[in-house]
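Hi,

Here is the model I said I would pass on. Have a look at it first, and then read my notes below.

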Amino acid sequence: NPHLSAIGFIWPPLPALSNIPFIILLRPFRLEILSETLMSASYAAFAMVQMNSVLKRFKLETGWRIIWMLLFGIQPLILHNASLGMSETPFIGFLLFSLNGYLIWREERKDYGLMMAGIGAWLALYCRYEALAWVAIMAVCICWNWLFQRGKTSPEKLEAELLSYLV
């Protein structure tokens, strides 16, 4: 009898809430047991898309990018978690999304990248509590970038950048 109060909040709720659409779709076929596998497999696909985007931002050639993506995809941790419905798969996908946003902000100086980084970090936090370390490290990276930025900078700019990341 799946119901919302059965989720509990011992574990962060996003992976469990992500199962609900799959449960609804698979219920007529009596295949609800596959909902977690489909959820984590879809997040693994999302992680692969984000990995491709991150590797593009590092200006890797297409051949090398495909090799790195294949190595990432067949890595036992990714395969295991993507096939067993584990919460690490969306966690990794959202961390890569956050890294992608940070790289957009760092390399292209587009402010929406910092917001992408913040959204990805907080979504990762709703998958695994370990993402709190990522949030802190990214805040340090933003401060580090501001400290060594060329040109005229102000503490107000740092404050605005940190707020757009953290809020």
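**Salt bridges and packing**

E161 is buried, with a relative accessible area of 8%. Keep in mind that this is a predicted model. That glutamate has two partners worth a look. One is K157, at 3.2 Å from N to O; K157 and E161 both sit in helix 8, four residues apart, or about one turn of the helix. K157 itself is partly exposed, at 31% relative accessible area. The other partner is R109, with 3.9 Å between N and O. This second pair ties together distant parts of the chain, since R109 is in the loop between helix 5 and helix 6 while E161 is in helix 8, 52 residues away. R109 comes out at 35% relative accessibility, so it counts as partly exposed.

The full count is seven salt bridges. Among the rest, E32 pairs with R27, their closest N and O atoms being 3.1 Å apart. E32 is partly exposed at 24% relative accessibility, and R27 is partly exposed too, at 40%. There is also a network in which R57, E108 and K110 are joined by salt bridges that share partners.

On the overall fold: the chain has eight helices and zero strands. Its C-alpha atoms fill a box of roughly 60 × 40 × 20 Å along the principal axes. Of the 167 residues, 40% are buried. The chain exposes about 10,400 Å², and 72% of that comes from carbon and sulfur atoms.

Helix 7 (residues 131-147) makes a nice case. Its buried residues are A131, V135, M138, A139, I142, N145 and W146. Viewed down the helix axis they fall within an arc of 125°, so they line one face. The face turned away from that buried side carries V140, W144 and L147, which are exposed. Cover for the buried residues comes from elements including helix 5, helix 6 and helix 8.

As for cores, the largest nonpolar one has 18 residues, and those with the most contacts inside it are M51, F72, F91, I92, F94, L96 and A124. Helix 2, helix 3, helix 5 and helix 6 each give two or more residues to this core. A second, separate core of 13 residues includes A117, A121, I142 and W146. Back in the largest core, which residues is F91 in contact with, leaving aside its neighbours within four places in sequence? They are A124, C127, R128, E130 and A131.

Cheers

Conventions. Residues are numbered from 1 along each chain as its sequence is written. This is a predicted model: local features need pLDDT of at least 70, side-chain atom pairs count only at pLDDT 80 or more; totals for chains, interfaces and linings use all residues. Side-chain values use heavy atoms; hydrogens and water are left out. Buried means under 20% relative accessible area, exposed over 50%, partly exposed in between (1.4 Å probe, protein chains only). The arc is that of the directions from the helix axis to the C-beta atoms. Contact means heavy atoms within 4.5 Å. A nonpolar core is a set of buried Ala, Val, Leu, Ile, Met, Phe, Trp, Tyr and Cys residues joined through side-chain atoms within 4.5 Å. Accessible areas come from the Shrake-Rupley method with a 1.4 Å probe; for residues, only the protein chains shown count as cover. A salt bridge is a side-chain nitrogen of Lys or Arg within 4 Å of a carboxyl oxygen of Asp or Glu.
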